[in-house]
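Colleague: Could you take me closely through one part of this model, residue by residue, and set out what surrounds it?

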Amino acid sequence: MTEMGKYTRIIGPILGSYLTYAAVNKETAPGQLTIKETRNLIEKLGNINDT
């Protein structure tokens with residue numbers, strides 16, 4: 001997965017999936033998000049309709 005595939009790491013939970021994979025501290029492969037980055041993006045995108 002590359003930088004272009006980052007969105008696939010967060011789209012699942014937004015669409016109702018209960019599971020996604022994130023690295024603990026640093027990316028383990030190109031495009032891998034950390035837990036902090038994943039949580040932040042999901043929260044931001046989850047609130048997109050609230051604005």
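Modeller: Lys6 sits in the segment before α1, and in this predicted model Lys6 counts as partly exposed because its relative accessibility is 26%, between the limits of 20% and 50%. Although Lys6 and Gln32 are 26 residues apart along the chain, their C-alpha atoms are separated by 6.8 Å, and, when residues up to four places away in sequence are not counted, Lys6 touches Gly31 and Leu33.

Leu33 also leads on to helix α2, which spans residues 35–46 and holds Thr38: once the neighbours of Thr38 within four places in sequence are left aside, Thr38 is in contact with Leu33 as well as with Ile10, Thr20 and Ala22. Thr38 has a relative accessible area of 4%, and is therefore classed as buried, the limit being under 20%.

Turning to the surface, Tyr7, Ile11, Ile14, Leu15, Leu41 and Leu45 make a nonpolar patch of about 550 Å². Helix α1, which covers residues 7–14, and helix α2 each supply at least two residues of this patch, with α1 giving the most, namely three residues. Leu15, another member of the patch, lies in the loop between α1 and α2, and Leu15 is classed as exposed because its relative accessible area of 69% is over 50%. Thus helix α2 holds the buried Thr38 and also supplies at least two residues of the nonpolar surface patch.

Conventions: Residues are numbered from 1 along each chain as its sequence is written. This is a predicted model: local features need pLDDT of at least 70, side-chain atom pairs count only at pLDDT 80 or more; totals for chains, interfaces and linings use all residues. Side-chain values use heavy atoms; hydrogens and water are left out. Helices (H or I, at least four residues) and strands (E, at least two) are DSSP runs, numbered from the N terminus. Buried means under 20% relative accessible area, exposed over 50%, partly exposed in between (1.4 Å probe, protein chains only). Contact means heavy atoms within 4.5 Å. Patches are made of residues with over 30% relative accessible area and no salt bridge: like charges are joined within 9 Å, nonpolar side chains (Val, Leu, Ile, Met, Phe, Trp, Tyr) within 5 Å. Accessible areas come from the Shrake-Rupley method with a 1.4 Å probe; for residues, only the protein chains shown count as cover. A salt bridge is a side-chain nitrogen of Lys or Arg within 4 Å of a carboxyl oxygen of Asp or Glu.
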